[in-house]
2 protein chains.
Amino acid sequence: MKTHPLDKALDLVHSDIQAGHFTGATSPDYWNMVGPFGGMTAAVMLQAVLRHPDLLGEPVAATVNFAAALGEGAFEVLAVPVRTNRSTQHWTIQMSQAGADGKLHVTTTGTAVTAVRRETWGTNDFPMPEVPPPSAVEPMQIGPKGVEWIRHYEMRPIIGSIPSRWDGSGDASETRMWLRDAEPRPLDFAALMALSDTFYPRVWLRRATPVPIGTVSLTTYFHTDAALLGDVGTGYLLGRATGQQFRNGYFDQAAQLWSEAGALLATSSQIVYFKE
Amino acid sequence: MKTHPLDKALDLVHSDIQAGHFTGATSPDYWNMVGPFGGMTAAVMLQAVLRHPDLLGEPVAATVNFAAALGEGAFEVLAVPVRTNRSTQHWTIQMSQAGADGKLHVTTTGTAVTAVRRETWGTNDFPMPEVPPPSAVEPMQIGPKGVEWIRHYEMRPIIGSIPSRWDGSGDASETRMWLRDAEPRPLDFAALMALSDTFYPRVWLRRATPVPIGTVSLTTYFHTDAALLGDVGTGYLLGRATGQQFRNGYFDQAAQLWSEAGALLATSSQIVYFKE
């Protein structure tokens, strides 16, 4: 059976240096312009937690900071459960890669919280916007110059599609799109982490100008458990992202991801560097 | 001259163990029900970064994870610049406190990003809601049973005030309020970090039911520099907070803080445990 490209990208080998120490390698399938798709790096960071032999519960929150460019090839990830309580566990995560000097350098830092969750009262206070169903929305066409990682997602933008003319005419920063893995794969936490970073830079939309950018920090909260993920399966998610403030080289993005049935599965924030 | 209670709470002594290692103590002024006000703990974590001798630039992002209860008394904070680039710096932060066994235990983890920012294009895509000016809004009255930290903030709720009847009648989770330090103090980054956590739990508002809660992780993005903070001075901020999803023991909160002049100074997210 063919391995899904996402499973290849998430493939970590547990080393014998210490519990939670893994080796892996960047995936050509999820390559962006000058490095891996950040969402995949974030997913790999979370995967190290999920693969840890002492894991308690399921992810509630994960923050990933992109400290330095990750180059093509091998990397190491260390996930450490720094505090384990009765029903929650707090993690620090660090990714490192050998530099030109042959030494290991930290490229990515992060923290995560996992928890054993109990059934409680609940409600959604951010209902899914009314949008046409996925079948009524055209998939985004990816030209020959498109970056590789985008080919591995099916994206059906409803509003706020990537500008077709870079003419400085932008006036809003909201995108709504249906999305899922291009090659069907049942949704799991690592995939959801990656999906929370699939929105193209808000500054490109807001300005209709393609300035250089780089995500600096990404935080995703999980409002789902394995059972609800199972209900979603290979279905579409509705993703919504908006910019809130753009100022002196940085902007933030607030995002939500609902199942097609309207369950708010994840909420996410990120802050992104932009050049001009 | 009398020291402001916030400056007392932020008072850290740089130890000689290593650069970025500080000792401090919890402040009775910012005591919550069973521990310090989490916003103050977050502010102390950021303060360790701000006091580090190798600090580059000003805060862009900070995430603080509340891993365990912090008890009354002494604690240690270690801020480490794990990666310093040309204009950005990535930090890990850890707070520890001696337990009943006499050993140090990690109570709080965090990461931060600081940066030297340059002037660029910018815009606000989340304008301040239209609200009456602070002078037209009654300050919240704090009864004799009010917790201590609330006395050190002036809060003028416009909508979504803390329920006066706990009768299960709630139907929304949005609060808008004017707020500032009760005793005037010019705004700085540590104060802004604390202010981003001053909203009472969304689940209390949404349900008009005071269930036990605890913030698990808080992320704040800073859209300001020292100059803009200087313009704000001791003025009011408009704070807005909403819940997005409440499910199986956790809910998230999205928040924005504007200056009275309408500058979006900070955006913030948190995920909070609730009991029932």
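**Figure 1. The largest nonpolar core of this predicted model has 140 residues.** Welcome to the first close-up, which starts on the inside. The residues with the most contacts within this core are A:Ala43, A:Leu46 and A:Leu192, together with B:Ala43, B:Leu46 and B:Leu192. To get a feel for the surroundings of one of them, pick out B:Ala43. Leaving aside neighbours within four places in sequence, B:Ala43 is in contact with B:Leu10, and also with B:Ala190, B:Ala191, B:Met193 and B:Ala194.

**Figure 2. Chain B can be superposed on chain A by a rotation of 180 degrees.** The shift along the axis is 0.0 Å, and the RMSD of the superposition is 0.0 Å. The two copies are thus related as by a two-fold rotation axis. As for confidence, the model scores ipTM 0.98 and pTM 0.98. In chain A the mean pLDDT is 96, with 100% of the residues at 70 or more.

**Figure 3. Chains A and B meet in a contact that takes 53 residues from each of them.** On the side of chain B that touches chain A, strand E11 of chain B (residues 237-247) gives the largest share, with 6 residues. By character, the residues on this side of chain B divide into 25 polar, 17 nonpolar and 11 charged. Of the interface residues of chain B, 100% are also interface residues in chain A, so the copies meet through the same surface.

**Figure 4. Strand E7 of chain A pairs with strand E11 of chain B.** Here is a place where strands from the two chains can be viewed side by side. E7(A) covers residues 123-124, and its pairing with E11(B) is antiparallel, over 2 bridges. To find one of the partners, look for A:Thr123: its bridge partner in E11(B) is B:Phe246.

**Figure 5. In chain B, strand E4 pairs with strand E2 and with strand E5.** Begin with E2(B), residues 21-25, which pairs with E4(B), residues 74-84, in the antiparallel sense over 5 bridges. B:Gly24 stands opposite B:Phe75 of E4(B). Now move on to E5(B), residues 88-98: E4(B) and E5(B) are also antiparallel, and 8 bridges link them. One pair to look for is B:Glu76 with its bridge partner B:Ser96 in E5(B). Between E4(B) and E5(B), a hairpin makes the connection through 3 residues.

**Figure 6. Strand E5 of chain A is mostly covered and pairs with E4(A).** Of the 11 residues in E5(A), which spans 88-98, 9 are buried. E4(A), residues 74-84, runs antiparallel to E5(A), and 8 bridges join the two. A:Arg83 has A:His90 in E5(A) as its bridge partner. The two strands form a hairpin with 3 residues between them.

**Figure 7. Strand E5 of chain A also pairs with strand E6 of chain A.** E6(A) spans residues 104-115 and runs antiparallel to E5(A), joined to that strand by 11 bridges. Among the bridge partners are A:Gln94 and, in E6(A), A:Thr109. This is a hairpin too, with 5 residues between E5(A) and E6(A). Look into the turn for A:Gly102, which has a positive phi of about 80 degrees.

**Figure 8. A:Met140 sits in the loop between strands E7 and E8 of chain A.** Which residues does A:Met140 touch, not counting those up to four places away in sequence? They are A:Met155, A:Arg156, A:Pro157 and A:Ser161. A:Met140 and A:Arg156 are 16 residues apart along the chain, and 5.6 Å separates their C-alpha atoms. Is A:Met140 buried or partly exposed? With 17 C-beta neighbours inside 10 Å, A:Met140 counts as partly exposed, because a buried residue needs 20 or more.

**Figure 9. A:Ala208 and B:Asn248 each have a positive phi without being a glycine.** For A:Ala208, phi is about 50 degrees. This alanine lies in the loop between helix H4 (202-207) and strand E10 (213-222) of chain A. A:Ala208 is partly exposed, with 16 other C-beta atoms within 10 Å. For B:Asn248, phi is about 40 degrees. The asparagine is found in the loop that lies between E11 and strand E12 (250-259) of chain B. B:Asn248 is partly exposed as well, having 18 C-beta neighbours inside 10 Å.

Notes:
Residues numbered from 1 in each chain as written. Chains lettered and ligands numbered in written order. Predicted model: local features only at pLDDT ≥ 70, side-chain atom pairs only at ≥ 80, totals over all residues. Core = buried A, V, L, I, M, F, W, Y, C linked by C-beta atoms within 7 Å. Buried ≥ 20, exposed ≤ 12 C-beta atoms within 10 Å, placed from the backbone. Contact = placed C-beta atoms within 7 Å. Least-squares fit on C-alpha atoms with pLDDT ≥ 70 in both. Pairing = 2+ DSSP bridges. Helix = DSSP H or I, 4+ residues; strand = E, 2+ residues; numbered from the N terminus. Nonpolar A, V, L, I, M, F, W, Y, C, P; charged D, E, K, R; others polar. pLDDT = per-residue confidence, 0-100.
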